[in-house]
Amino acid sequence: MLKSINQKISIVLIVVAVGYLLLAFQLPSFPYSPVDADVLPKGLGVLLILLAIGLYFSKDTETEAEKEQRRIPKKDIAALLVVFVFVFLYIFCLEWLGFVLSTAIFIFFCSLYLGYKKHMTNALVAILFPLFMYVTFTELLKISLPQGILPF
Amino acid sequence: MGSIEGVLTGFQVAFSMEGILFVLIGVFVGTFIGMLPGLGPISAIAVMIPITFGMDPTLALVMMAGVYYGAIFGGSTSSILLNAPGVSGTVATAFDGYPMAQQGKAGKALAIAAISSFVGGTVSVILLMLLAPALSSVAIAFGPPAYFALMFMGLTAITSLSEGSTVKALISAVIGFMVATIGIDAQTGTQRFTFGNANLLEGIDFLVIALGLFALAEVCTLIINRKDLSIDNAHKLGSLRITKNELKEMRGPMTRQSFLGFLLGVLPGAGATIASFIGYITEKKISKKPEEFGKGSVKGLAAPETANNAATSGAFVPLLSLGIPGSGTTAVMLGAFLVLGVQPGPLLMTDHPEIFWGIIASMYIGNVFLLVLNLPLIPYISKILKIPRPLLISLVIMFSVIGVYAINFNTFDLYLLLLFGVIGFLMRIFRFPAPPFILAFILGGMMEQAFRQSLTISNGSLAIFIQEPIALSLLIVGFLSFMFPLVRLLRNRKKERV
């Protein structure tokens with residue numbers, strides 16, 4: 001039934017819009033305002049449903065080139081997911097290990113995974129860049145970044 | 001304060017030691033980031049915002065403006081050398097710039113681009129100086145209905161002018177608007193869509209959206225294409241010299257496109273990308289030798305380069321004098337203003353002449369710096385294109401993480417950043433344009449406020465938008481702009497039938 005990719009997307013969008021509308025209808029009302037906080041969200045929810053229906057019936061079919069662009073090799077999807085996990089771990093450890101340490105580990109292993117072969121350069125960049133950024137932010141700009149387990 | 005005094009204050013700021021230093025930093029960083037394929041002015045501005053925290057707002061904004069037009073300037077380098085535009089505003093630059101590079105005249109192409117950018121930038125700053133204060137004094141009389149109508153027009157213009165399907169652009173804008181409703185409602189104090197999470201009370205910060213939808217989404221594309229395109233494909237620079245005849249050829253396009261590009265930059269929705277394409281097309285149409293276009297024509301390179309830089313300054317007119325951005329990039333620029341506690345709009349010129357005129361005056365210096373940076377130093381700066389992709393990817397992620405972490409100092413925002421990175425990447429794959437999203441997100445809160453203020457004034461009657469002539473005419477223009485893609489569609493169908 002769902003032939004084109006646009007139709008599949010439009011179904012997803014309608015689900016999102018309905019969820020948003022359900023939440024919008026639960027917003028508490030406020031008696032002293034001519035336009036309450038729920039008016040705009042309700043309008044937006046309805047608008048998104050209408051647009052999604054429009055997308056479902058829209059006639060613009062994808063060209064072959066566009067389809068080709070959308071087709072991502074499985075290997076690359078795997079690479080994206082791995083980097084995604086790397087970033088997730090990086091964020092997870094940021095406050096615990098501190099900015100310098102977690103960033104250094106992240107840069108080194110992320111670049112290594114993506115195929116960077118010069119290990120010495122990689123290590124140098126991975127250590128110097130976070131240190132430079134850390135000093136710039138904490139000393140020059142007075143914005144504190146997480147110190148973590150390192151003593152400085 | 002009179003306007004002449006204001007102008008003088010502005011020049012005083014711009015020509016102070018700090019002023020000159022921060023313009024230099026801004027244009028340098030902008031050129032660097034703009035040169036990197038895919039990373040455009042939005043990413044450049046967003047990455048630089050955390051650095052401005054705690055800085056003097058005037059100097060910070062002078063620097064951010066430099067980042068913006070520097071990024072457009074820098075984008076032309078990768079267009080010419082690699083045929084990989086760093087910025088969408090420089091796509092048209094590659095049409096004639098890359099063929100020229102293939103003929104071994106890359107140096108000449110870079111020099112032509114630098115000179116036309118300089119001319120376009122400088123002429124349009126003069127126009128900006130004339131037009132922005134005039135518009136400010138008109139806009140001071142605008143009430144909430146007119147403001148609402150203005151923002152509405154900006155949004156419809158960007159959706160109808162964006163590439164590809166208009167329905168998709170509209171969906172993108174509506175979702176951006178929806179994300180903007182998250183947080184405490186400013187007028188009633190009601191919590192909307194916060195799920196009881198304290199981190200969401202203030203709403204989602206625009207940097208999370210900007211860095212996610214643009215920088216991280218670009219990182220995903222870079223990961224997929226990590227093996228293509230390296231500097232090895234780039235051609236030798238050759239001499240930078242331009243002959244007298246070539247200068248003569250450039251004169252026409254440079255004059256015309258400075259004005260046309262500026263005008264297109266002022267109009268909402270258009271901006272550098274559209275200005276550069278229109279500049280290219282018009283010059284090709286009026287040229288006596290249109291067949292040379294696309295094969296390394298001097299005119300074909302000068303036109304888009306003049307137009308995109310002129311449009312960049314033009315885009316500052318609505319931003320500074322109305323406080324309303326007309327494009328995704330100026331929307332992020334507005335965010336940079338607000339982060340520093342500066343509200344651009346009709347009052348900026350009178351309340352903070354040092355900021356208003358300081359930014360404008362600094363653009364003269366910025367353009368000179370860009371010319372100097374780009375002419376003799378280009379062979380050295382273009383080495384940045386040699387950064388290996390894996391390292392570049394890791395570093396861009398690091399910059400995004402620092403930027404977002406420095407807003408609230410919690411990791412919750414970072415997880416959101418990751419989420420919007422995924423959303424941005426999916427939008428790219430399925431061809432939903434991101435600029436309407438970011439513009440709607442940033443305008444969302446302001447639009448809702450203006451809408452509700454209008455209805456409070458009118459006691460809930462929608463007629464207020466029709467009774468006020470300015471609001472009415474802007475709304476009509478907004479609706480009419482939807483006819484644009486419709487006309488295009490009909491014309492295409494007719495062509496198909498033929």
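In chain B, residues 24 or more positions apart account for 80% of the contacts with a separation of 6 or more. In chain A, the corresponding share is 57%. This is a predicted model. The predictor gives the complex an ipTM of 0.93 and a pTM of 0.89.

**Chain B: overall build**

- The secondary structure of chain B consists of 23 helices and two strands.
- Chain B has a radius of gyration of 22 Å, close to the 23 Å that the globule rule gives for 498 residues, so chain B is as compact as a globular protein of that length.
- The C-alpha trace of chain B spans about 65 × 65 × 45 Å along its principal axes.
- Of the 498 residues in chain B, 62% are buried.

**Chain A: overall build**

- Chain A has six helices and zero strands.
- Its pattern along the sequence reads α-α-α-α-α-α.
- The domain assignment splits chain A into domain 1 (5-70) and domain 2 (74-140).
- The centres of domain 1 of chain A and domain 2 of chain A, taken over C-alpha atoms, lie 37 Å apart.
- Chain A has a radius of gyration of 24 Å, where a compact globule of 152 residues would have one near 15 Å.
- Along the principal axes, the C-alpha atoms of chain A fill a box of roughly 55 × 55 × 20 Å.
- Buried residues come to 27% of the 152 residues of chain A.

**Where the chains meet**

- The contact involves 50 residues from chain A and 47 residues from chain B.
- On the side of chain A that touches chain B, at least two residues come from each of α1 (5-25), α2 (39-57), α3 (64-70), α4 (74-97), α5 (99-113) and α6 (119-140) of chain A.
- The most is given by α4(A), with nine residues.
- By type, the residues on this side of chain A are 37 nonpolar, six polar and seven charged.

**The largest nonpolar core**

- In soluble globular proteins, nonpolar side chains tend to be buried together.
- The largest nonpolar core here holds 214 residues.
- Which residues touch the most other members of this core? They are B:Ile45, B:Ala46, B:Met64, B:Ala210 and B:Ile438.
- Domain 1 (5-70) and domain 2 (74-140) of chain A each supply at least three residues to this core.
- Setting aside residues up to four places away in sequence, B:Ile438 touches B:Gly176, B:Ile209, B:Ala210, B:Leu213, B:Gly328, B:Ala331 and B:Val332.
- B:Ala210 is thus both a contact of B:Ile438 and one of the residues that touch the most other core members.

**B:Val67**

- B:Val67 sits in helix α4 (residues 57-82) of chain B.
- Is B:Val67 buried or exposed? B:Val67 is buried, because 29 other C-beta atoms lie within 10 Å, and 20 or more is the cut-off for burial.
- Apart from neighbours within four places in sequence, the contacts of B:Val67 are B:Gly26, B:Val29, B:Gly30, B:Ala44, B:Ile45 and B:Met48.
- One of these contacts, B:Ala44, is 23 residues from B:Val67 along the chain, and their C-alpha atoms are 6.8 Å apart.
- Another, B:Ile45, is among the residues that touch the most other members of the core.

**B:Phe177**

- B:Phe177 lies in helix α8 (residues 166-180) of chain B.
- B:Phe177 is buried, because it has 26 other C-beta atoms within 10 Å.
- Which residues does B:Phe177 contact, leaving aside its neighbours within four places in sequence? They are A:Leu44, B:Ala440 and B:Gly444.
- B:Phe177 and B:Ser400 are 223 residues apart along the chain, with 23 Å between their C-alpha atoms.

**Confidence**

- Chain B averages a pLDDT of 88, with 96% of the residues scoring at least 70.
- Within chain B, confidence is lowest in helix α23 (residues 483-497), at a mean of 70. It is highest in helix α19 (residues 412-429) of chain B, at 95.
- Chain A has a mean pLDDT of 88, and 94% of its residues reach 70 or more.
- Within chain A, α3(A) has the lowest confidence, at a mean of 74, and α5(A) the highest, at 95.
- Both of these helices supply at least two residues of the side of chain A that touches chain B.

Terms used
Residues are numbered from 1 along each chain as its sequence is written. Chains are lettered from A and ligands numbered from 1 in the order in which they are written. Domain bounds come from an automatic or database domain assignment. Helices (H or I, at least four residues) and strands (E, at least two) are DSSP runs, numbered from the N terminus. A residue is buried if 20 or more other C-beta atoms lie within 10 Å of its own, exposed if 12 or fewer, and partly exposed in between; C-beta atoms are placed from the backbone. Two residues are in contact if their C-beta atoms, placed from the backbone, lie within 7 Å. Ala, Val, Leu, Ile, Met, Phe, Trp, Tyr, Cys and Pro count as nonpolar, Asp, Glu, Lys and Arg as charged, and the others, Gly among them, as polar. A nonpolar core is a set of buried Ala, Val, Leu, Ile, Met, Phe, Trp, Tyr and Cys residues joined through C-beta atoms within 7 Å. The radius of gyration is taken over C-alpha atoms; the globule rule is 2.2 Å times the number of residues to the power 0.38. pLDDT is the predictor's confidence in each residue, from 0 to 100.
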